[in-house]
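Reader: I'd love a close look at the pockets here and the packing that goes with them. Could you take me through that part slowly, with the cut-offs as you go?

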Amino acid sequence: MDYMERALELALEAANEGEVPVGAVVVKKSTGEIVGEGRNRRECGKNALAHAELEAINEACGRLGGWRLPDCAIYVTLEPCPMCCGAIINSRIDDVYFGAFDKKSGSAESVQRMFELPYNHKPKVYGGIHQEDCAGVLSTFFKRLRKKK
């Protein structure tokens, strides 16, 4: 299974709800099982914390029975922001795979490299996975939004 493709499906679900199209999945690496999924829900939930990564991490913690997520990777369609990078560090996720780079708030590589700072956990980062597809979903969403205005 292509985990970024599943994250893209979740991003499209978010777009169909009028949310910024970001999707995320947490995968247990040893089994290949998706243990958490999320999509942006800030608008419908009226909640600044309703990011795709946080939803996916929350679900994975519930399914795996703890706040630490060893042997897990997260796949997200957009480079994580500082809040989501913090959640990734605190949940001890091993690997971060993201699609589109975020030049305004991306904190894995673009604005800053948060995972290289002297925190107690340093996940490996892989950017640009299905980059064109992930960026295209975002671009289409914002073009439609501008047309409505």
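Author: Happy to. Helices (H or I, at least four residues) and strands (E, at least two) are DSSP runs, numbered from the N terminus. The model is predicted, so local features need pLDDT of at least 70 and side-chain atom pairs pLDDT 80 or more, while totals for chains, interfaces and linings use all residues. Numbering starts from 1 along each chain as its sequence is written, and side-chain values use heavy atoms, without hydrogens or water.

Let's begin with the second largest pocket (a pocket is an open set of points on a 1 Å grid over the protein atoms alone, where a 1.4 Å probe fits, with protein on both sides within 12 Å along at least five of seven lines; lining residues have an atom within 4 Å of a point). Helix H1, residues 3–16, and helix H5 each bring at least two residues to its lining. H5 has the largest share, with seven residues. Among the lining residues are Leu12, Ala15 and Asn16, together with Gly136, Val137, Thr140 and Phe141. Arg144, Leu145 and Lys148 belong to the same lining, as does Gly18. This pocket holds about 210 Å³ (the space filled by probe spheres set on grid points joined across faces, edges and corners).

The largest pocket has a volume of about 420 Å³. Its lining counts 21 residues, and those nearest the centre are Val20, Leu78, Asp102, Ser105 and Leu138. H5, which runs over residues 131–148, is again the main contributor, giving four residues.

H1 and H5 also reach into the packing. Both give two or more residues to the largest nonpolar core, and so do strands S1 (23–28), S2 (33–39), S3 (72–78) and S4 (95–100), along with helices H3 (52–64) and H4. That core (buried Ala, Val, Leu, Ile, Met, Phe, Trp, Tyr and Cys joined through side-chain atoms within 4.5 Å) has 43 residues, with Val26, Ile57, Ile74 and Tyr75 making the most contacts inside it.

Tyr75 deserves a longer stop. At 14% relative accessibility it counts as buried (under 20%, against over 50% for exposed and partly exposed in between, with a 1.4 Å probe and protein chains only). Leaving out residues up to four places away in sequence, Tyr75 is in contact (heavy atoms within 4.5 Å) with Tyr3, Met4, Ala7, Gly23, Ala24, Val25, Val27 and Tyr97.

Some of these contacts involve rings. Five aromatic pairs turn up in the whole structure (ring centres of Phe, Tyr or Trp, its six-membered ring, within 6.5 Å; planes under 30 degrees apart are stacked, over 60 edge-to-face, the rest tilted). Tyr3 and Tyr75 have ring centres 5.1 Å apart and planes at 45°, so they are tilted. Because Tyr3 sits in H1 and Tyr75 in S3, the pair ties together parts 72 residues apart in sequence. Tyr75 and Tyr97 are stacked, because their centres are 4.5 Å apart and their planes at 5°. This second pair links S3 to S4, across 22 residues. Together with Tyr126, these three tyrosines form one aromatic cluster.

Finally, back to H1, where Met4 is also placed. Met4 is buried, at 0% relative accessible area. Beyond four places in sequence, Met4 touches residues including Tyr75, Val76, Thr77, Tyr97 and Phe98, and also Ile129, His130 and Cys134. The C-alpha atoms of Met4 and Thr77 are 7.0 Å apart, although 73 residues separate them along the chain.
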